[in-house]
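The following note sets out, point by point, what a reading of the coordinates shows. It is meant to be read alongside the sequence and the structure.

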Amino acid sequence: MTRILATPTQLAEARAARAEYRAGAVAPTSGVAHGLVQANLISVPADWAYDVLLYGQRNPQACPVLEVLDAGTTESLLAPGSDLRTDIPKYRVWREGELAEEPTDASAAWEEHPDLVSFLIGCSFTFEAGLVDAGIEIRHQTLGRNVPMYRTSRACAPAGRLTGELVVSMRPLPGDRVAEAVQISGRYPAVHGAPVHVGDAAGLGIADVQAPDFGDAPEIRTGEVPVFWACGVTPQAATWRRSHRSRSRTPPATCSSPTYPTRTTWCEKAGPGPADCRARPAPVGLGPATLPWHPAEERPGAEQPDHPHRSRRNPDWGDGRHA
């Protein structure tokens, strides 16, 4: 069994990125902390947490839950020393079904709702490192833009008070590299895995690929094919959708902004959003195995120290120590 940890250089890059965001820097995080795990954030009051967790469990490709923090906790186990309130480039705060503000520091949201339960949802920016390493261009990185994201007509499985449609991100790729990109991204099931659609956007109910719902318009060149992956904005969109339908039951929610891939640099192990964990592709033919290693995990089966805020992991991943 192989354990993959972040290198000192990777850890330093992830921590530096979080420090910049904490100081107020606002920029897309695609390409930041290469090889580390990135995540989207959604934080809801404790009485909504089960709904969000169940929504993620029923829609695992769109909502791969990497970590669930205890109510009120703001430090991720995937990135010791991190602060979910400040270490993301930009947030969206929703109240009474309406977007209330887009701050770069969400501390006030936790002061207003000290019981917020935070979910870190795997982000596709993670597997972009594998594509880049294979020589596949990531166009939005080249242009210094954010990845385009779209609401689709594909319904997600409802859970409790949450309903909604799948949200996807899109990357234009040369036709002869699509199969390779599918294989590479498919080895990262904990950050959305393989694409959900290749080709005509109309197949997803997207009317105009040049008019994304989030992010920036794409540049698609001759010979390129649009490739769509499930996106971690999906659970946020579900929360917004429910909020607009029934404002009397609207949950105050704090989310990473889809406009600024708040794919947080979370992982001090070798993975961002930025986490301090390293992205680890699952061996071909095996189930999910992309969870980052925790530094305390000295060997498979090693006894772990008690932690007051240790999260529950997806049972399919066990404790993250399998290969």
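1. Arg221 is a convenient place to begin: with a relative accessibility of 37%, Arg221 counts as partly exposed. The model is a predicted one. Arg221 forms a salt bridge with Glu219, and the closest N and O atoms of the pair are 2.7 Å apart. Glu219 is likewise partly exposed, its relative accessible area being 28%.

2. This pair belongs to a wider arrangement. A network of salt bridges links Glu137, Arg139, Glu219, Arg221 and Glu224. Within the network, Glu224 and Arg139 form a salt bridge whose closest N and O atoms are 2.4 Å apart. Glu224 lies in strand 9 and Arg139 in helix 5 (residues 139-143), so this pair ties together parts that are 85 residues apart in sequence.

3. Are the two partners of that bridge buried or exposed? Glu224 has a relative accessible area of 16% and is buried, because the limit for a buried residue is under 20%. Arg139 is also buried, at 5%.

4. The surroundings of Glu224 deserve a separate remark. Leaving out residues up to four places away in sequence, Glu224 touches Arg139, Pro172, Leu173, Pro174, Gly175 and Glu219. The C-alpha atoms of Glu224 and Arg177 are 9.3 Å apart, and the two residues are separated by 47 residues in sequence.

5. A further salt bridge joins Arg171 and Glu128, with an N to O distance of 2.9 Å. Since Arg171 is in strand 7 and Glu128 in helix 4 (residues 128-133), the pair ties together parts 43 residues apart in sequence. Both Arg171 and Glu128 are buried. The count of salt bridges comes to 12. As a general matter, side chains of opposite charge can pair when their charged atoms come close.

6. Turning to the overall make-up, the protein chain has seven helices and 10 strands. Of its 323 residues, 56% are buried. The accessible surface of the chain comes to about 12,600 Å², and carbon and sulfur atoms account for 50% of that surface.

7. One sheet brings together several of the elements already named. Four strands, in the order 6-7-9-8, form an open sheet with antiparallel pairing. Strand 6 (149-155) and strand 8 (197-198) stand at the edges with a single partner strand each, so one side of each is left without a neighbour in the sheet. Helix 6 (residues 178-186) packs on the sheet and touches strand 7, strand 8 and strand 9 (224-230). The direction of helix 6 makes about 15 degrees with that of strand 9.

8. Within this sheet, strand 6 and strand 7 (residues 165-174) run antiparallel and are joined by four bridges. Arg151 has Val167 in strand 7 as its bridge partner.

9. Which residues have the most contacts inside the largest nonpolar core? They are Phe119, Val168 and Phe228, in a core of 32 residues. At least two residues of this core come from each of strand 1 (39-44), helix 2 (46-58), strand 2 (65-68), strand 5 (117-122), strand 7, strand 9 and strand 10 (253-256). Helix 2 gives the most, with five residues. In soluble globular proteins, nonpolar side chains tend to be buried together.

10. Phe228 merits individual inspection. Neighbours within four places in sequence aside, the contacts of Phe228 include Tyr150, Val168, Met170, Pro195, Val196 and His197. Also among them are Gly199, Ala201, Leu204, Ile206 and Val209. Apart from the core of Phe228 lies another core, of 15 residues, among them Ala39, Leu66, Tyr91 and Leu116.

11. A last point concerns a hairpin. Strand 3 (residues 91-95) and strand 4 (residues 98-101) pair in the antiparallel sense over three bridges. Val93 stands opposite Glu101 in strand 4. Two residues separate the two strands of this hairpin, and Glu96 in the turn has a positive phi of about 50 degrees.

Technical notes:
Residues are numbered from 1 along each chain as its sequence is written. This is a predicted model: local features need pLDDT of at least 70, side-chain atom pairs count only at pLDDT 80 or more; totals for chains, interfaces and linings use all residues. Side-chain values use heavy atoms; hydrogens and water are left out. Two strands pair if DSSP finds at least two bridges between them. Contact means heavy atoms within 4.5 Å. Axes are lines fitted to C-alpha atoms, for helices over the stretch in contact, and angles run from 0 to 180 degrees between N-to-C directions. A nonpolar core is a set of buried Ala, Val, Leu, Ile, Met, Phe, Trp, Tyr and Cys residues joined through side-chain atoms within 4.5 Å. Buried means under 20% relative accessible area, exposed over 50%, partly exposed in between (1.4 Å probe, protein chains only). A salt bridge is a side-chain nitrogen of Lys or Arg within 4 Å of a carboxyl oxygen of Asp or Glu. Accessible areas come from the Shrake-Rupley method with a 1.4 Å probe; for residues, only the protein chains shown count as cover.
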